[in-house]
Each structure stands twice: as C-alpha cells, then as structure tokens.
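The exercises below are to be worked through with the sequence and the coordinates at hand. Each task is followed by a solution that proceeds step by step.

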Amino acid sequence: MDKVSFGFEEVFPDEKTARVGSVFSRVARRYDLMNDLMSGGMHRHWKDMFVRRVRPRSGEAILDMAGGTGDVAFRLARHGAKVTVCDINADMLGVGEERARSRRIDGLSWSVQNAEELSFADRSFDAYTIAFGIRNVTHIEQALAEAHRVLKLGGRFFCLEFSTTTWPGFATLYESYSMNVVPKIGKAVARDEESYRYLVESIRRFPPMERFRAMIEKAGFTQTKVEPILGGLVAIHSGWKV
Ligand code: SAM
C-alpha cells in the first residue's frame with residue numbers, strides 16, 4: 001500500500017486519517033483563537049475574499065466541506081445561501097454549532113462526512129467550497145472526484161488553501177515564522193506543539209499552485225484557475241462543472 005504524507009512523515013493512509021482526526025479533536029476548542037493569533041487576523045480577510053469570489057446567491061445550495069467551526073459557512077449564509085457544513089471531525093462541527101447558536105445564525109445543516117466519500121446524491125449542490133481543508137485529506141483526488149460528482153451542471157468549485165509564495169524574501173521570512181514561531185505559539189497557548197507542527201508541515205507538503213490546478217482539471221472541472229494571495233502564500237483555486 002502506498003504511503004502518504006502526514007506533515008513531513010510518510011505514513012499509511014489509515015494512519016494519516018486517524019492522526020489528522022486527533023489533531024483537530026485536540027485543537028477544536030482553541031481553533032478560532034489560534035487562527036487569529038497565527039495569522040495576525042489575516043485569515044478573516046482571506047475568507048471574506050474567498051466568499052466574494054464564490055458570489056453566493058440567495059437560496060442556492062452550497063456544500064462547505066471541511067467546514068470545521070463554520071467560519072466560511074457563516075459568511076455564505078449571510079448572503080442567503082442554504083449551507084450544508086460538512087467535516088470528518090465531530091468535535092470541530094460541535095464547536096461550529098455552538099458558535100452558530102451564540103451568534104443566532106440559523107438555517108445551516110451540519111453533517112459529519114469524509115470528503116472522500118460523501119453521502120449526497122449526484123448533482124445536489126450549486127457550489128462546493130473547501131477552505132484550509134483539502135491538504136488534510138488523505139486521498140485528495142478522491143475528494144476532488146466527489147466534489148465534481150455532487151455538483152450540479154453549471155456548479156462551481158472553490159478551494160482556499162495555503163500554498164507556496166513566489167516572493168523570495170517573503171518566502172524566507174514566512175518559512176522561518178511558520179517552522180519556528182507557529183509551533184511555539186501552539187505550545188504556549190494550546191499546550192500542543194505537535195499539532196501545530198503538523199499544520200505547518202502539511203502546508204509545505206501540499207502540491208504547488210499549478211500542480212493543484214492540474215489536479216482539479218483532471219477531476220473533470222473546466223475553466224480552472226488559481227488566484228494567488230500574497231504571492232501564493234494562500235491561493236484560491238476554482239473550476240466549473242459543465
Ligand atoms: N474550513 C474551516 C476554516 O477555514 O476555518 C476549517 C479548516 S481546518 C484547518 C481543516 C478541517 O478539515 C478540520 O476541521 C478537519 O477535521 C477537516 N478534515 C480533515 N480531513 C477531512 C476529510 N477527509 N473530510 C472532511 N473534513 C476533513
């Protein structure tokens with residue numbers, strides 16, 4: 001059986017799924033605080049920008065995959081979309097449901113699902129979003145195939161993910177920050193250096209922007225494109241099912 005990456009380690013696929021599961025169960029409670037600390041609040045702007053690109057319309061059915069604690073789903077729902085938030089991790093979704101209740105955001109459906117094997121019928125959704133989720137999935141091609149399957153004809157796919165910045169000075173600075181500082185913040189705030197080390201290592205192992213765009217195309221999407229943010233530190237990939 002082929003091994004897959006878990007951060008910088010090579011592990012069997014089942015082990016990756018289990019270890020990613022335990023990382024997110026451990027970080028769930030502090031996930032939102034840590035996102036703000038680690039990105040200096042920038043993840044909020046990236047998510048706002050991402051949702052602007054999706055252009056959600058009132059009444060349309062959107063699947064927010066790897067939706068975690070609901071950040072993207074809440075933004076989509078604000079435009080009147082009917083959002084189904086899915087994640088493989090019930091702890092992350094549990095925090096999301098609590099947040100939705102406390103913010104009085106109604107009308108979201110929450111469902112534990114593995115992105116690689118969805119329970120939804122073919123052609124169920126107008127749009128599929130996945131933010132900072134795909135790099136954690138064990139078999140990325142399978143998740144992309146499932147995204148394609150559950151979208152209606154004319155449906156759109158959007159992915160927000162860390163990538164590799166092409167700005168040289170910034171790349172060096174970010175490398176040092178992510179490898180040295182992020183795990184220390186994880187240790188100090190969440191008492192969990194190991195989980196945060198995985199999170200930064202998994203970013204380094206994720207395919208570069210163009211290669212990931214080609215994977216999306218191979219899954220059957222057309223007009224695929226990539227929009228780099230901060231030189232590709234973060235990227236928005238998109239495509240259409242026609
Ligand atoms: N989308 C949210 C956000 O932007 O804040 C959460 C992103 S969080 C970094 C990654 C999420 O991917 C976690 O909640 C994790 O449980 C989920 N995940 C990992 N593997 C998955 C899989 N195979 N299927 C569905 N969700 C998965």
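**Exercise 1. A pair within one helix**

Is Glu 193 buried, partly exposed or exposed, judged by its relative accessibility? Then describe the salt bridge in which Glu 193 takes part.

Solution. Bear in mind throughout that the model is predicted.

Step 1. The relative accessibility of Glu 193 is 21%, and since buried means under 20% and exposed means over 50%, Glu 193 counts as partly exposed.

Step 2. The partner of Glu 193 is Arg 197, and the closest N and O atoms of this salt bridge are 2.9 Å apart. Arg 197 has a relative accessibility of 29% and therefore also counts as partly exposed.

Step 3. Both residues belong to helix H8, and because they are 4 residues apart there, about one helical turn separates them.

**Exercise 2. Pairs that link distant parts of the chain**

Which parts of the chain are tied together by the salt bridge between Glu 10 and Arg 205, and which by the one between Glu 60 and Arg 156?

Solution.

Step 1. The total for the model is 23 salt bridges, one of which joins the side chains of Glu 10 and Arg 205 with an N to O distance of 3.1 Å. Glu 10 is located in strand E2 (residues 9-11) and Arg 205 in helix H8 (residues 193-205), so this salt bridge ties together parts that are 195 residues apart in sequence.

Step 2. As for accessibility, Glu 10 is partly exposed at 40%, and Arg 205 is partly exposed at 38%.

Step 3. In the other salt bridge, the side chains of Glu 60 and Arg 156 meet at 2.5 Å, again N to O. Glu 60 sits in the loop between helix H3 (42-54) and strand E3 (61-65), while Arg 156 sits in strand E7 (residues 151-162), so the parts tied together here are 96 residues apart in sequence. Both members of this pair, Glu 60 and Arg 156, are buried.

**Exercise 3. A network and one of its members**

Which residues are joined with Asp 71 into one network by salt bridges that share partners, and where does Asp 71 lie?

Solution.

Step 1. The network consists of Asp 32, Lys 47, Asp 71 and Arg 99, joined by salt bridges that share partners.

Step 2. Asp 71 is found in helix H4 (residues 71-77), and with a relative accessibility of 10% Asp 71 counts as buried, because that value is under 20%.

Step 3. Between the side chains of Asp 71 and Arg 99 there is also a polar contact of 2.9 Å.

**Exercise 4. The surroundings of the ligand**

Which residues come nearest to the ligand, and how much of the area that the ligand exposes when taken alone is buried by the protein?

Solution.

Step 1. There are 20 residues around the ligand, and those that come nearest are Ala 66, Asp 87, Asn 114, Ala 115 and Ala 131. Sorted by class, the shell comprises 11 nonpolar, 7 polar and 2 charged residues.

Step 2. For Ala 66, a polar backbone atom is 2.8 Å from a nitrogen atom of the ligand. For Ala 115, the distance from a polar backbone atom to a nitrogen atom of the ligand is 2.9 Å, and for Ala 131 a backbone N or O atom is 2.9 Å from a ligand nitrogen atom. Taken alone, the ligand exposes 600 Å², of which the protein buries 97%.

Step 3. Ala 66 deserves a further look: its place is in the loop between E3 and H4, and its phi is positive, at about 55°, although Ala 66 is not a glycine. With the protein chains alone counted as cover, Ala 66 has a relative accessibility of 25% and so counts as partly exposed.

**Exercise 5. Cysteines**

How many disulfides does the model contain, and how far is the sulfur of Cys 86 from the nearest cysteine sulfur?

Solution.

Step 1. The count is 0 disulfides. For Cys 86, the nearest cysteine sulfur is that of Cys 159, 15 Å away; a disulfide would require the two sulfur atoms to be within 2.5 Å.

Step 2. Cys 86 counts as buried at 0% relative accessibility, and Cys 159 likewise counts as buried at 0%.

How values were computed:
Residues are numbered from 1 along each chain as its sequence is written. This is a predicted model: local features need pLDDT of at least 70, side-chain atom pairs count only at pLDDT 80 or more; totals for chains, interfaces and linings use all residues. Side-chain values use heavy atoms; hydrogens and water are left out. A residue is near a molecule or strand if one of its heavy atoms lies within 4 Å of it. A polar contact is a pair of N or O atoms within 3.5 Å; within protein, one must be able to donate a hydrogen and the other to accept it, and residues adjacent in sequence count only if both atoms are side-chain atoms. Accessible areas come from the Shrake-Rupley method with a 1.4 Å probe; for residues, only the protein chains shown count as cover. Ala, Val, Leu, Ile, Met, Phe, Trp, Tyr, Cys and Pro count as nonpolar, Asp, Glu, Lys and Arg as charged, and the others, Gly among them, as polar. Buried means under 20% relative accessible area, exposed over 50%, partly exposed in between (1.4 Å probe, protein chains only). A salt bridge is a side-chain nitrogen of Lys or Arg within 4 Å of a carboxyl oxygen of Asp or Glu. Helices (H or I, at least four residues) and strands (E, at least two) are DSSP runs, numbered from the N terminus.
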